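Q: Could you walk me through the big sheet in this protein, slowly, and then show me what sits around it? I'm in my first year, so plain words would help.

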Amino acid sequence: MSKLLSPRDIVHSHLCIGCGSCAAQAAPEARMELDAYGELKPAGKTSWFHHRSEKFTATCPFSPQALNEDELAARLYPDTSYRDAALGHFQTAYVGYAAEDDFRLQGSSGGMVSWVARELLKKGLIDGVAHVVAVKDPQEGGRFFQYRISRTEEEVREGAKSRYYPVDLCEVLSLIREVPGRYAVVGIPCFIKAVQLLRQQDPLFRERICFTLGLFCGHMKSARFVESFAWQMKVPVSEIRQVEFRHKDPDRPANWYNARLTLRNGQVVNKDWWHLSDGDWGAGFFMNAACNFCDDVVAETADISFGDAWVEPYSSDGKGTNVVVVRSPVVEKLVADAIEEKRLQLDQVDARFVEQTQAAGFRQRREGLAYRLTWWRKGVQPRKRVAPDQHTPITRRKLIYRMRYQISAWCHPVFRLARRIKAPRLYIRWAHLSLALYQGLAYHRGRIGAFIKRLGAERE
Ligand SMILES: Cc1cc2nc3c(=O)[nH]c(=O)nc-3n(C[C@H](O)[C@H](O)[C@H](O)COP(=O)(O)OP(=O)(O)OC[C@H]3O[C@@H](n4cnc5c(N)ncnc54)[C@H](O)[C@@H]3O)c2cc1C
(Lines give C-alpha, C1' and ligand atoms only; values in the text may rest on other atoms or scores of the structure.)
Protein backbone atom coordinates (compact mmCIF):
# COMPACT_ATOMS: atom_id res chain seq x y z
CA MET A 1 0.00 0.00 0.00
CA SER A 2 1.65 3.23 -1.14
CA LYS A 3 0.47 6.19 0.94
CA LEU A 4 -1.33 5.57 4.20
CA LEU A 5 -4.26 7.80 5.09
CA SER A 6 -6.02 8.93 8.28
CA PRO A 7 -9.65 9.97 8.85
CA ARG A 8 -8.33 13.54 9.04
CA ASP A 9 -6.80 13.30 5.55
CA ILE A 10 -10.14 12.25 4.06
CA VAL A 11 -12.24 14.77 6.04
CA HIS A 12 -9.91 17.67 5.23
CA SER A 13 -9.94 16.73 1.54
CA HIS A 14 -13.78 16.99 1.55
CA LEU A 15 -14.07 13.30 0.71
CA CYS A 16 -15.82 12.08 3.88
CA ILE A 17 -19.42 10.99 3.29
CA GLY A 18 -19.92 10.24 7.01
CA CYS A 19 -20.62 6.49 6.71
CA GLY A 20 -19.05 5.77 10.12
CA SER A 21 -17.15 2.65 9.07
CA CYS A 22 -13.87 4.09 10.45
CA ALA A 23 -15.50 5.10 13.75
CA ALA A 24 -17.05 1.63 14.12
CA GLN A 25 -13.62 0.06 13.74
CA ALA A 26 -12.18 2.38 16.40
CA ALA A 27 -15.07 2.47 18.90
CA PRO A 28 -15.15 3.44 21.76
CA GLU A 29 -12.31 5.85 20.94
CA ALA A 30 -14.28 7.28 18.04
CA ARG A 31 -17.87 8.26 17.28
CA MET A 32 -19.85 10.12 14.61
CA GLU A 33 -21.11 13.67 15.22
CA LEU A 34 -23.06 16.25 13.23
CA ASP A 35 -20.76 19.13 12.30
CA ALA A 36 -21.59 22.82 11.89
CA TYR A 37 -23.04 22.13 8.43
CA GLY A 38 -25.30 19.31 9.66
CA GLU A 39 -23.14 16.56 8.16
CA LEU A 40 -21.91 13.51 10.03
CA LYS A 41 -18.16 13.36 10.52
CA PRO A 42 -15.87 11.14 12.61
CA ALA A 43 -14.98 12.58 16.01
CA GLY A 44 -13.25 11.35 19.12
CA LYS A 45 -9.67 11.08 20.30
CA THR A 46 -7.34 13.35 18.29
CA SER A 47 -4.70 10.61 18.20
CA TRP A 48 -7.14 8.30 16.38
CA PHE A 49 -8.35 11.00 13.97
CA HIS A 50 -4.75 11.77 12.93
CA HIS A 51 -3.51 8.19 12.88
CA ARG A 52 -2.61 6.89 9.38
CA SER A 53 -3.24 3.18 9.11
CA GLU A 54 -3.48 0.40 6.57
CA LYS A 55 -6.89 -0.59 7.92
CA PHE A 56 -8.40 2.85 7.40
CA THR A 57 -6.74 3.27 3.99
CA ALA A 58 -8.20 -0.04 2.80
CA THR A 59 -11.72 0.41 4.19
CA CYS A 60 -12.72 4.07 3.71
CA PRO A 61 -15.02 4.10 0.64
CA PHE A 62 -13.44 7.33 -0.65
CA SER A 63 -9.83 6.22 -0.09
CA PRO A 64 -8.02 6.18 -3.44
CA GLN A 65 -6.08 3.15 -2.21
CA ALA A 66 -9.15 1.03 -1.42
CA LEU A 67 -10.54 -1.48 -3.94
CA ASN A 68 -12.88 0.27 -6.36
CA GLU A 69 -16.41 -0.89 -7.28
CA ASP A 70 -15.23 -2.91 -10.30
CA GLU A 71 -12.58 -4.71 -8.27
CA LEU A 72 -15.03 -5.45 -5.46
CA ALA A 73 -17.79 -6.63 -7.80
CA ALA A 74 -15.34 -8.91 -9.67
CA ARG A 75 -14.57 -10.63 -6.35
CA LEU A 76 -18.18 -10.68 -5.10
CA TYR A 77 -20.04 -11.58 -8.29
CA PRO A 78 -17.56 -13.32 -10.62
CA ASP A 79 -20.23 -15.40 -12.39
CA THR A 80 -22.87 -12.84 -13.39
CA SER A 81 -24.00 -12.90 -17.03
CA TYR A 82 -23.46 -9.18 -17.62
CA ARG A 83 -20.73 -6.66 -16.97
CA ASP A 84 -22.04 -3.24 -17.90
CA ALA A 85 -20.34 0.18 -17.83
CA ALA A 86 -23.34 1.74 -16.04
CA LEU A 87 -24.74 -1.08 -13.87
CA GLY A 88 -21.52 -3.02 -13.19
CA HIS A 89 -21.75 -6.81 -12.80
CA PHE A 90 -25.35 -8.01 -12.83
CA GLN A 91 -27.51 -11.02 -13.47
CA THR A 92 -31.01 -9.63 -14.12
CA ALA A 93 -32.77 -6.26 -14.12
CA TYR A 94 -36.46 -5.55 -13.65
CA VAL A 95 -39.06 -2.81 -13.54
CA GLY A 96 -42.14 -3.16 -11.32
CA TYR A 97 -43.24 -3.34 -7.71
CA ALA A 98 -44.09 -5.53 -4.73
CA ALA A 99 -47.61 -6.87 -5.35
CA GLU A 100 -47.97 -8.48 -1.94
CA ASP A 101 -49.77 -6.72 0.96
CA ASP A 102 -49.35 -2.92 0.95
CA PHE A 103 -45.54 -2.82 0.52
CA ARG A 104 -45.92 -0.68 -2.60
CA LEU A 105 -48.16 1.94 -1.00
CA GLN A 106 -46.01 2.15 2.11
CA GLY A 107 -42.71 2.39 0.20
CA SER A 108 -41.13 5.40 -1.48
CA SER A 109 -41.13 3.71 -4.88
CA GLY A 110 -42.47 0.20 -5.44
CA GLY A 111 -41.83 -1.08 -1.89
CA MET A 112 -39.27 -3.62 -3.12
CA VAL A 113 -36.58 -2.87 -0.50
CA SER A 114 -38.90 -3.56 2.43
CA TRP A 115 -40.30 -6.60 0.63
CA VAL A 116 -36.85 -8.17 0.02
CA ALA A 117 -35.75 -7.42 3.60
CA ARG A 118 -38.95 -9.00 4.95
CA GLU A 119 -38.58 -12.00 2.63
CA LEU A 120 -35.00 -12.65 3.78
CA LEU A 121 -36.25 -12.62 7.40
CA LYS A 122 -39.30 -14.77 6.62
CA LYS A 123 -37.24 -17.38 4.80
CA GLY A 124 -34.87 -17.55 7.79
CA LEU A 125 -31.90 -16.37 5.72
CA ILE A 126 -31.11 -13.56 8.16
CA ASP A 127 -31.74 -12.64 11.81
CA GLY A 128 -31.79 -8.88 11.38
CA VAL A 129 -31.74 -5.97 8.91
CA ALA A 130 -29.66 -2.84 9.40
CA HIS A 131 -31.68 -0.02 7.84
CA VAL A 132 -32.85 3.52 8.55
CA VAL A 133 -35.81 4.43 10.76
CA ALA A 134 -37.22 7.61 12.27
CA VAL A 135 -36.01 8.25 15.84
CA LYS A 136 -38.72 8.31 18.53
CA ASP A 137 -37.93 11.78 19.84
CA PRO A 138 -35.87 13.80 17.35
CA GLN A 139 -35.80 16.82 19.66
CA GLU A 140 -33.95 14.82 22.30
CA GLY A 141 -31.08 13.36 20.25
CA GLY A 142 -30.85 16.13 17.64
CA ARG A 143 -31.28 13.74 14.72
CA PHE A 144 -34.43 12.74 12.86
CA PHE A 145 -33.26 9.38 11.49
CA GLN A 146 -30.77 6.68 12.36
CA TYR A 147 -29.70 3.17 11.43
CA ARG A 148 -31.31 0.40 13.46
CA ILE A 149 -31.30 -3.38 13.37
CA SER A 150 -34.85 -4.64 12.81
CA ARG A 151 -35.59 -8.25 13.69
CA THR A 152 -39.31 -8.63 12.94
CA GLU A 153 -41.54 -7.96 9.94
CA GLU A 154 -43.24 -5.08 11.79
CA GLU A 155 -39.90 -3.46 12.57
CA VAL A 156 -38.70 -3.85 8.98
CA ARG A 157 -41.87 -2.25 7.66
CA GLU A 158 -41.56 0.69 10.07
CA GLY A 159 -38.40 1.64 8.15
CA ALA A 160 -40.06 1.97 4.72
CA LYS A 161 -39.46 5.22 2.77
CA SER A 162 -36.35 7.10 1.63
CA ARG A 163 -34.53 9.37 4.05
CA TYR A 164 -32.48 12.10 2.41
CA TYR A 165 -30.78 12.71 5.70
CA PRO A 166 -27.33 11.98 7.21
CA VAL A 167 -27.12 8.61 8.93
CA ASP A 168 -24.13 6.45 9.86
CA LEU A 169 -23.30 2.79 10.27
CA CYS A 170 -21.13 3.17 13.38
CA GLU A 171 -23.58 1.82 15.96
CA VAL A 172 -25.09 -0.97 13.84
CA LEU A 173 -21.66 -2.25 12.81
CA SER A 174 -20.64 -2.32 16.48
CA LEU A 175 -23.84 -4.24 17.27
CA ILE A 176 -23.18 -6.71 14.47
CA ARG A 177 -19.71 -7.27 15.92
CA GLU A 178 -21.13 -7.80 19.42
CA VAL A 179 -24.18 -9.94 18.66
CA PRO A 180 -23.62 -13.11 16.58
CA GLY A 181 -26.15 -13.65 13.79
CA ARG A 182 -26.74 -13.20 10.06
CA TYR A 183 -27.53 -9.70 8.92
CA ALA A 184 -28.57 -7.74 5.83
CA VAL A 185 -27.52 -4.10 5.41
CA VAL A 186 -29.52 -1.53 3.40
CA GLY A 187 -27.58 1.49 2.17
CA ILE A 188 -26.69 4.00 -0.51
CA PRO A 189 -23.82 2.97 -2.84
CA CYS A 190 -20.89 4.38 -0.84
CA PHE A 191 -22.23 2.82 2.40
CA ILE A 192 -22.55 -0.58 0.72
CA LYS A 193 -19.03 -0.15 -0.65
CA ALA A 194 -17.84 0.60 2.91
CA VAL A 195 -19.53 -2.59 4.14
CA GLN A 196 -17.98 -4.66 1.34
CA LEU A 197 -14.51 -3.21 2.00
CA LEU A 198 -14.93 -4.09 5.67
CA ARG A 199 -16.02 -7.63 4.72
CA GLN A 200 -12.86 -7.98 2.62
CA GLN A 201 -10.72 -7.07 5.63
CA ASP A 202 -12.58 -8.63 8.53
CA PRO A 203 -13.77 -12.28 8.55
CA LEU A 204 -16.34 -11.53 11.27
CA PHE A 205 -18.19 -9.02 9.09
CA ARG A 206 -17.72 -11.30 6.05
CA GLU A 207 -19.50 -14.08 7.89
CA ARG A 208 -22.22 -12.08 9.64
CA ILE A 209 -23.25 -9.62 6.90
CA CYS A 210 -24.81 -12.10 4.50
CA PHE A 211 -26.80 -9.75 2.25
CA THR A 212 -26.46 -6.18 1.01
CA LEU A 213 -29.42 -4.18 -0.35
CA GLY A 214 -28.33 -1.07 -2.24
CA LEU A 215 -30.28 2.11 -2.99
CA PHE A 216 -29.56 4.01 -6.19
CA CYS A 217 -28.30 7.44 -5.24
CA GLY A 218 -28.34 10.98 -6.67
CA HIS A 219 -26.52 12.48 -3.68
CA MET A 220 -26.69 12.70 0.11
CA LYS A 221 -28.20 15.77 1.76
CA SER A 222 -27.18 17.45 5.04
CA ALA A 223 -29.46 17.66 8.09
CA ARG A 224 -30.04 21.34 7.27
CA PHE A 225 -32.34 20.32 4.41
CA VAL A 226 -35.03 19.51 6.99
CA GLU A 227 -34.44 22.83 8.77
CA SER A 228 -34.86 24.57 5.45
CA PHE A 229 -38.21 22.76 4.96
CA ALA A 230 -39.28 24.13 8.35
CA TRP A 231 -38.17 27.68 7.50
CA GLN A 232 -40.03 27.59 4.21
CA MET A 233 -43.16 26.04 5.73
CA LYS A 234 -42.94 28.64 8.50
CA VAL A 235 -42.87 26.27 11.47
CA PRO A 236 -40.26 26.05 14.26
CA VAL A 237 -37.66 23.31 13.77
CA SER A 238 -37.90 22.58 17.50
CA GLU A 239 -41.56 21.56 17.06
CA ILE A 240 -41.01 18.90 14.35
CA ARG A 241 -41.86 15.36 15.41
CA GLN A 242 -41.80 13.58 12.06
CA VAL A 243 -40.40 14.22 8.61
CA GLU A 244 -41.60 12.65 5.39
CA PHE A 245 -39.48 13.57 2.38
CA ARG A 246 -41.82 12.01 -0.19
CA HIS A 247 -45.43 11.73 0.88
CA LYS A 248 -47.10 9.21 -1.41
CA ASP A 249 -50.31 10.18 -3.18
CA PRO A 250 -51.44 7.56 -5.73
CA ASP A 251 -53.46 10.28 -7.53
CA ARG A 252 -50.42 12.40 -8.37
CA PRO A 253 -47.37 11.58 -10.51
CA ALA A 254 -44.65 9.81 -8.50
CA ASN A 255 -42.07 12.47 -9.38
CA TRP A 256 -44.12 15.31 -7.84
CA TYR A 257 -42.38 15.08 -4.49
CA ASN A 258 -44.31 16.41 -1.53
CA ALA A 259 -42.46 17.07 1.77
CA ARG A 260 -44.50 16.73 4.94
CA LEU A 261 -43.69 17.73 8.52
CA THR A 262 -45.72 16.57 11.51
CA LEU A 263 -45.41 18.81 14.53
CA ARG A 264 -45.51 17.89 18.20
CA ASN A 265 -49.07 19.23 18.50
CA GLY A 266 -50.22 16.95 15.68
CA GLN A 267 -50.41 19.70 13.04
CA VAL A 268 -49.24 18.64 9.58
CA VAL A 269 -47.68 21.05 7.10
CA ASN A 270 -46.52 20.20 3.60
CA LYS A 271 -45.10 21.69 0.43
CA ASP A 272 -44.29 20.36 -3.01
CA TRP A 273 -40.56 20.30 -3.64
CA TRP A 274 -40.84 22.59 -6.66
CA HIS A 275 -42.29 25.31 -4.42
CA LEU A 276 -39.19 25.12 -2.21
CA SER A 277 -36.24 27.37 -3.09
CA ASP A 278 -33.92 24.38 -2.72
CA GLY A 279 -36.28 21.66 -3.94
CA ASP A 280 -34.74 21.05 -7.37
CA TRP A 281 -32.70 17.88 -6.83
CA GLY A 282 -30.48 18.65 -9.82
CA ALA A 283 -29.31 21.99 -8.40
CA GLY A 284 -27.35 20.20 -5.66
CA PHE A 285 -28.56 22.08 -2.58
CA PHE A 286 -27.15 20.60 0.69
CA MET A 287 -25.20 17.97 -1.24
CA ASN A 288 -22.31 16.37 0.64
CA ALA A 289 -19.01 17.44 -1.00
CA ALA A 290 -17.84 13.82 -1.28
CA CYS A 291 -20.72 13.12 -3.71
CA ASN A 292 -18.81 15.20 -6.29
CA PHE A 293 -16.31 12.35 -6.44
CA CYS A 294 -18.56 9.31 -6.55
CA ASP A 295 -18.98 7.22 -9.71
CA ASP A 296 -21.48 4.62 -8.49
CA VAL A 297 -25.13 5.48 -9.22
CA VAL A 298 -26.71 2.03 -8.78
CA ALA A 299 -24.90 0.46 -5.78
CA GLU A 300 -22.73 -1.78 -7.94
CA THR A 301 -21.40 -3.76 -4.99
CA ALA A 302 -24.80 -4.72 -3.55
CA ASP A 303 -26.42 -8.15 -3.91
CA ILE A 304 -29.52 -6.37 -5.18
CA SER A 305 -30.13 -2.69 -5.76
CA PHE A 306 -33.23 -0.57 -6.13
CA GLY A 307 -34.18 2.76 -7.63
CA ASP A 308 -37.17 4.67 -8.98
CA ALA A 309 -38.29 4.05 -12.55
CA TRP A 310 -37.89 7.67 -13.67
CA VAL A 311 -39.23 7.16 -17.21
CA GLU A 312 -42.76 7.30 -18.55
CA PRO A 313 -45.25 5.82 -18.02
CA TYR A 314 -43.84 4.84 -14.61
CA SER A 315 -42.90 8.32 -13.35
CA SER A 316 -46.51 9.41 -13.75
CA ASP A 317 -47.83 6.47 -11.74
CA GLY A 318 -48.29 7.81 -8.21
CA LYS A 319 -48.32 4.35 -6.69
CA GLY A 320 -44.55 4.15 -7.34
CA THR A 321 -42.40 1.83 -9.44
CA ASN A 322 -38.96 0.35 -8.81
CA VAL A 323 -36.12 -0.55 -11.09
CA VAL A 324 -34.23 -3.48 -9.60
CA VAL A 325 -30.77 -4.87 -10.41
CA VAL A 326 -29.91 -8.35 -9.10
CA ARG A 327 -26.37 -9.69 -8.67
CA SER A 328 -26.44 -12.47 -6.07
CA PRO A 329 -27.70 -15.92 -7.16
CA VAL A 330 -29.51 -16.49 -3.83
CA VAL A 331 -31.44 -13.22 -4.15
CA GLU A 332 -32.06 -13.92 -7.83
CA LYS A 333 -33.85 -17.14 -6.94
CA LEU A 334 -35.83 -15.47 -4.17
CA VAL A 335 -37.07 -12.81 -6.61
CA ALA A 336 -37.71 -15.26 -9.49
CA ASP A 337 -39.78 -17.55 -7.23
CA ALA A 338 -41.90 -14.64 -5.99
CA ILE A 339 -42.53 -13.44 -9.57
CA GLU A 340 -43.73 -16.95 -10.38
CA GLU A 341 -46.03 -16.88 -7.33
CA LYS A 342 -47.31 -13.42 -8.42
CA ARG A 343 -46.15 -11.86 -5.15
CA LEU A 344 -43.95 -9.52 -7.19
CA GLN A 345 -45.01 -7.73 -10.37
CA LEU A 346 -41.68 -7.39 -12.17
CA ASP A 347 -40.86 -7.31 -15.90
CA GLN A 348 -37.37 -8.04 -17.08
CA VAL A 349 -35.54 -5.07 -18.69
CA ASP A 350 -32.07 -4.50 -20.10
CA ALA A 351 -29.21 -2.38 -18.80
CA ARG A 352 -30.01 0.54 -21.13
CA PHE A 353 -33.54 0.77 -19.70
CA VAL A 354 -32.21 1.06 -16.14
CA GLU A 355 -29.53 3.53 -17.21
CA GLN A 356 -32.17 5.68 -18.90
CA THR A 357 -34.17 5.89 -15.64
CA GLN A 358 -31.11 7.53 -14.04
CA ALA A 359 -29.96 9.62 -17.01
CA ALA A 360 -29.25 12.76 -14.97
CA GLY A 361 -27.39 10.79 -12.29
CA PHE A 362 -25.15 9.15 -14.88
CA ARG A 363 -24.39 12.49 -16.58
CA GLN A 364 -23.29 13.97 -13.25
CA ARG A 365 -21.26 10.87 -12.26
CA ARG A 366 -19.62 10.15 -15.58
CA GLU A 367 -19.26 13.18 -17.87
CA GLY A 368 -19.54 15.63 -14.94
CA LEU A 369 -17.12 13.68 -12.77
CA ALA A 370 -14.59 13.41 -15.64
CA TYR A 371 -14.79 17.21 -15.97
CA ARG A 372 -14.48 17.84 -12.20
CA LEU A 373 -11.41 15.60 -12.12
CA THR A 374 -9.61 18.13 -14.34
CA TRP A 375 -10.03 20.88 -11.70
CA TRP A 376 -7.20 21.60 -9.30
CA ARG A 377 -7.93 20.51 -5.74
CA LYS A 378 -5.79 20.19 -2.66
CA GLY A 379 -5.43 17.20 -0.37
CA VAL A 380 -6.07 13.55 -1.18
CA GLN A 381 -6.72 13.05 -4.90
CA PRO A 382 -9.67 10.72 -5.64
CA ARG A 383 -9.01 7.66 -7.82
CA LYS A 384 -12.04 7.09 -10.03
CA ARG A 385 -13.07 4.75 -12.81
CA VAL A 386 -13.55 7.61 -15.27
CA ALA A 387 -10.56 9.48 -16.68
CA PRO A 388 -10.25 13.29 -16.36
CA ASP A 389 -11.78 14.91 -19.46
CA GLN A 390 -12.52 18.56 -20.13
CA HIS A 391 -13.12 18.24 -23.87
CA THR A 392 -16.29 16.13 -24.10
CA PRO A 393 -18.87 18.37 -22.31
CA ILE A 394 -20.32 21.25 -24.34
CA THR A 395 -19.98 24.73 -22.80
CA ARG A 396 -23.47 24.82 -21.34
CA ARG A 397 -22.99 21.46 -19.62
CA LYS A 398 -19.66 22.62 -18.19
CA LEU A 399 -21.45 25.66 -16.77
CA ILE A 400 -24.16 23.43 -15.27
CA TYR A 401 -21.54 21.22 -13.58
CA ARG A 402 -19.77 24.31 -12.23
CA MET A 403 -22.99 25.92 -11.03
CA ARG A 404 -24.14 22.74 -9.26
CA TYR A 405 -20.73 22.48 -7.60
CA GLN A 406 -20.89 26.10 -6.44
CA ILE A 407 -24.47 25.82 -5.14
CA SER A 408 -23.60 22.75 -3.09
CA ALA A 409 -20.41 24.36 -1.78
CA TRP A 410 -21.97 27.73 -0.84
CA CYS A 411 -25.25 26.38 0.47
CA HIS A 412 -23.65 25.19 3.71
CA PRO A 413 -21.93 28.42 4.84
CA VAL A 414 -24.85 30.62 3.72
CA PHE A 415 -27.32 28.48 5.69
CA ARG A 416 -24.95 28.43 8.67
CA LEU A 417 -24.74 32.22 8.68
CA ALA A 418 -28.52 32.62 8.31
CA ARG A 419 -29.01 30.17 11.17
CA ARG A 420 -26.50 31.93 13.40
CA ILE A 421 -27.97 35.42 12.90
CA LYS A 422 -31.54 34.00 12.87
CA ALA A 423 -32.27 35.34 9.38
CA PRO A 424 -33.96 32.58 7.37
CA ARG A 425 -34.78 35.08 4.61
CA LEU A 426 -31.10 35.58 3.93
CA TYR A 427 -30.73 31.91 3.01
CA ILE A 428 -34.09 31.61 1.25
CA ARG A 429 -33.36 34.63 -0.99
CA TRP A 430 -29.89 33.33 -1.81
CA ALA A 431 -31.36 29.90 -2.61
CA HIS A 432 -34.07 31.48 -4.74
CA LEU A 433 -31.56 33.42 -6.81
CA SER A 434 -29.24 30.42 -7.15
CA LEU A 435 -32.18 28.28 -8.26
CA ALA A 436 -33.24 30.86 -10.89
CA LEU A 437 -29.68 30.89 -12.27
CA TYR A 438 -29.47 27.10 -12.26
CA GLN A 439 -32.85 26.60 -13.90
CA GLY A 440 -32.12 29.33 -16.46
CA LEU A 441 -28.94 27.51 -17.40
CA ALA A 442 -30.23 23.95 -17.17
CA TYR A 443 -33.75 24.33 -18.61
CA HIS A 444 -33.70 27.83 -20.19
CA ARG A 445 -36.38 28.73 -17.66
CA GLY A 446 -37.48 32.32 -16.95
CA ARG A 447 -35.84 35.58 -17.95
CA ILE A 448 -32.39 34.31 -17.01
CA GLY A 449 -32.97 31.31 -19.27
CA ALA A 450 -33.98 33.52 -22.20
CA PHE A 451 -30.90 35.68 -21.65
CA ILE A 452 -28.59 32.66 -21.54
CA LYS A 453 -30.19 31.33 -24.71
CA ARG A 454 -29.53 34.67 -26.43
CA LEU A 455 -25.92 34.59 -25.34
CA GLY A 456 -25.67 31.40 -27.33
CA ALA A 457 -23.99 29.45 -24.57
CA GLU A 458 -25.10 26.35 -26.46
CA ARG A 459 -22.06 26.58 -28.75
CA GLU A 460 -20.03 23.43 -28.74
C1 LIG B 1 -29.98 9.67 -0.24
C2 LIG B 1 -30.76 8.90 -1.26
C3 LIG B 1 -30.67 9.26 -2.60
C4 LIG B 1 -31.37 8.52 -3.57
N5 LIG B 1 -31.25 8.88 -4.89
C6 LIG B 1 -31.90 8.17 -5.84
C7 LIG B 1 -31.79 8.50 -7.22
O8 LIG B 1 -31.08 9.44 -7.60
N9 LIG B 1 -32.47 7.74 -8.12
C10 LIG B 1 -33.26 6.71 -7.74
O11 LIG B 1 -33.87 6.08 -8.60
N12 LIG B 1 -33.39 6.36 -6.45
C13 LIG B 1 -32.73 7.06 -5.49
N14 LIG B 1 -32.85 6.70 -4.17
C15 LIG B 1 -33.59 5.47 -3.83
C16 LIG B 1 -35.07 5.68 -3.78
O17 LIG B 1 -35.36 6.89 -3.08
C18 LIG B 1 -35.78 4.53 -3.04
O19 LIG B 1 -35.19 4.38 -1.78
C20 LIG B 1 -35.65 3.22 -3.74
O21 LIG B 1 -36.23 3.31 -5.00
C22 LIG B 1 -36.34 2.10 -2.93
O23 LIG B 1 -37.69 2.34 -2.79
P24 LIG B 1 -38.65 1.23 -2.18
O25 LIG B 1 -40.04 1.72 -2.25
O26 LIG B 1 -38.32 -0.07 -2.81
O27 LIG B 1 -38.12 1.17 -0.68
P28 LIG B 1 -38.94 1.15 0.72
O29 LIG B 1 -39.76 -0.08 0.77
O30 LIG B 1 -39.56 2.46 0.91
O31 LIG B 1 -37.75 0.94 1.73
C32 LIG B 1 -36.69 1.86 1.83
C33 LIG B 1 -35.63 1.20 2.68
O34 LIG B 1 -34.45 2.00 2.63
C35 LIG B 1 -34.05 2.34 3.95
N36 LIG B 1 -33.49 3.69 3.87
C37 LIG B 1 -34.16 4.86 3.72
N38 LIG B 1 -33.29 5.88 3.68
C39 LIG B 1 -32.07 5.35 3.83
C40 LIG B 1 -30.76 5.89 3.87
N41 LIG B 1 -30.54 7.21 3.79
N42 LIG B 1 -29.71 5.06 4.01
C43 LIG B 1 -29.91 3.72 4.12
N44 LIG B 1 -31.13 3.14 4.09
C45 LIG B 1 -32.19 3.96 3.95
C46 LIG B 1 -35.29 2.26 4.79
O47 LIG B 1 -34.99 2.00 6.12
C48 LIG B 1 -36.03 1.09 4.14
O49 LIG B 1 -35.57 -0.13 4.64
C50 LIG B 1 -32.19 7.43 -3.17
C51 LIG B 1 -32.29 7.08 -1.82
C52 LIG B 1 -31.59 7.80 -0.87
C53 LIG B 1 -31.72 7.40 0.59
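A: Let's start at one end of the sheet. Strand S6, residues 128-134, pairs with S7 in the antiparallel sense, over six bridges. To find the pairing by eye, look for Ala 130, which stands opposite Ile 149 in S7. Keep in mind throughout that this is a predicted model.

If the word "pair" is new to you, here's the background: strands of a sheet pair through backbone hydrogen bonds, and they can do it parallel or antiparallel.

Now zoom out to the whole sheet. It is an open sheet of eight strands, and the order across it is S7-S6-S8-S9-S13-S14-S5-S15, with mixed pairing. The edges are S7 (145-150) and S15 (344-349); each has a single partner strand, so one side of each is left without a neighbour in the sheet. If you ignore direction, neighbouring strands here are turned by 25° against each other on average.

Next, the helices that go with the sheet. Helix H7, residues 112-122, packs on it and touches strands S5 (92-98), S6, S8 (183-187), S9 (209-215), S13 (304-308), S14 (322-326) and S15. The direction of H7 makes about 170° with that of S9. Helix H10, residues 170-178, lies across S6, S7, S8 and S9, and runs at about 20° to S7.

Let's hop over to S5, towards the other end of the order. S5 is mostly covered, with six of its seven residues buried. Five bridges join S5 to S14, and the two run antiparallel. On that side, Thr 92 of S5 stands opposite Val 326 in S14. S5 is also joined to S15, by six bridges, again antiparallel. There you can spot Val 95 opposite Asp 347 in S15.

So much for the sheet itself; now for the wider surroundings. The chain is divided into domain 1 (7-221 + 288-360) and domain 2 (369-455). Their C-alpha centres lie 27 Å apart. Where the two meet, 21 residues of domain 1 are in contact with 17 residues of domain 2.

What about the nonpolar cores? The largest one has 90 residues, and Phe 245 and Tyr 427 have the most contacts inside it. Helix H17, residues 395-420, gives the largest share of this core, seven residues. Both domain 1 and domain 2 give residues to this core, so it lies between them.

Phe 245 is worth a click. Leaving out residues up to four places away in sequence, Phe 245 touches a long list, including Phe 145, Tyr 164, Tyr 165, Phe 225, Phe 229 and Trp 273. Some polar or charged names are in that list too, among them Ser 162, Arg 163 and Asn 258. There is also a second, separate core of 27 residues, which includes Val 129, Val 186, Leu 334 and Ala 338.

Two hairpins make handy landmarks as well. In one, strand S11 (residues 258-263) and strand S12 (residues 268-272) pair in the antiparallel sense over five bridges. Thr 262 stands opposite Val 268 in S12. This hairpin has four residues between the strands, and Gly 266 takes a positive phi near 90°.

The other hairpin is made by S1 (residues 30-34) and S2, which pair in the antiparallel sense over five bridges. Met 32 stands opposite Pro 42 in S2. Here there are five residues between the strands, and Gly 38 takes a positive phi near 75°. Strand S2, residues 40-44, is mostly covered, as four of its five residues are buried.

You might also go hunting for disulfides, but the structure holds zero of them. Take Cys 22: its sulfur is 6.3 Å from the closest cysteine sulfur, in Cys 16, and that is too far for a bond because the cut-off is 2.5 Å. Cys 22 is buried, with a relative accessible area of 14%. The sulfur of Cys 411 is 13 Å from the closest cysteine sulfur, in Cys 291, again too far for a bond. Cys 411 counts as buried too, at 0% relative accessibility.

Finally, a stop at helix H1 (residues 7-12), where you'll find His 12. His 12 counts as partly exposed, at 45% relative accessibility. From C-alpha to C-alpha, His 12 and Ala 74 are 31 Å apart in space, and they are 62 residues apart in sequence.

Note on methods
Residues numbered from 1 in each chain as written. Predicted model: local features only at pLDDT ≥ 70, side-chain atom pairs only at ≥ 80, totals over all residues. Heavy atoms only, no water. Buried < 20%, exposed > 50% of the residue type's maximum accessible area, 1.4 Å probe, protein only. Pairing = 2+ DSSP bridges. Axes fitted to C-alpha atoms, helices over the stretch in contact; angles between N-to-C directions. Contact = heavy atoms within 4.5 Å. Core = buried A, V, L, I, M, F, W, Y, C linked by side-chain atoms within 4.5 Å. Domains from an automatic or database assignment.
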